[in-house]
Amino acid sequence: MRLRLGEDDTLHHPDPTRAARALAGLIHACRRRLWLRVPALDALTADPAVLDALKALALSSPRADLRVLFDDVDQAVGRGHGLVHLARRLPSRLRLRQTQPDDADPALCFAVAERTGLFEAAGWPRPERLDLCAHALPRGPRRAEQFSRVWERARGNPELRELRL
């Protein structure tokens, strides 16, 4: 399924086992701005299709704006994570921030592309249903506003920085 952001308002419900594929499809449809909110840097954000799509988007334009908000970083720090490595290589285009404890929500998982495209997996990591839409009005813009407010309060995590000797 090829998404056309801002045009097609069909609401798709991909199988939850195909969450990474659905997210990668939304990222591929994006031209400049993608904001991703996940409870943890986990298998979804470490999936090769998602990482490849993020890398392609980040390299596609010097004005690319990729932001990832997460609550928990323990898994990523303990085992390493492809998204952290990608953000280290492309720090001006892909930014990671950890939410404040008051903003943490272990079941909240969504992505907004160009303020209109939406991937949503409420109840992550075991969502009852996935929602994917290229033109999700009014949900897409509402999620973008929510993301923006939390982003302003969030902070970078020093554990994710690379130590160079």
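**Exercise 1. In which helix is D74 found?**

Solution. D74 is found in helix α4, residues 74–79. Helices here are DSSP runs of H or I with at least four residues, strands are runs of E with at least two, and both are numbered from the N terminus. The model is predicted: local features need pLDDT of at least 70, side-chain atom pairs count only at pLDDT 80 or more, and totals for chains, interfaces and linings use all residues. Residues are numbered from 1 along each chain as its sequence is written, and side-chain values use heavy atoms, with hydrogens and water left out.

Next, accessibility. D74 has a relative accessible area of 53%. Exposed means over 50%, buried under 20%, and partly exposed in between (1.4 Å probe, protein chains only). D74 is therefore exposed.

**Exercise 2. Work out the strand order of the sheet, then its edges.**

Solution. Step one: six strands form an open sheet in the order β3-β2-β1-β4-β5-β6, with mixed pairing. Two strands pair if DSSP finds at least two bridges between them. Step two: β3 (94–98) and β6 are the edge strands, since each pairs on one side only. Step three: the twist from one strand to the next averages 10°. Axes are lines fitted to C-alpha atoms, for helices over the stretch in contact, and angles run from 0 to 180 degrees between N-to-C directions.

Step four: add a helix. Helix α5 (residues 82–89) lies across β2 (65–72) and β3, and runs at about 125° to β3.

**Exercise 3. Trace the bridges from β1 through β4 and β5 to β6.**

Solution. Start at β1, residues 33–40, which pairs with β4 in the antiparallel sense over four bridges. W35 stands opposite V112. L36 stands opposite A111.

Move on to β5. Strand β4 (residues 110–113) and β5 are antiparallel, again with four bridges. A111 has F119 as its bridge partner in β5, and A113 stands opposite G117. The two strands form a hairpin with three residues between them. In that turn, E114 has a positive phi of about 55°.

Finish at β6. Three bridges join β5 to β6, and the two run antiparallel. L118 has C133 as its bridge partner.

Now check the faces. In a regular strand the side chains alternate between the two faces of the sheet. On β4, F110 and V112 lie on one side, A111 and A113 on the other, and all are buried. On β5 (residues 117–120), G117 and F119 point one way and L118 and E120 the other way; all are buried.

**Exercise 4. Describe the surroundings of D131.**

Solution. D131 is found in strand β6, residues 131–133. Its relative accessible area is 6%, so D131 is buried. The side chains of D131 and H13 are joined by a polar contact of 2.9 Å. A polar contact is a pair of N or O atoms within 3.5 Å; within protein, one must be able to donate a hydrogen and the other to accept it, and residues adjacent in sequence count only if both atoms are side-chain atoms. Not counting residues up to four places away in sequence, D131 also touches others, including L11, L118, F119 and R139. Contact means heavy atoms within 4.5 Å.
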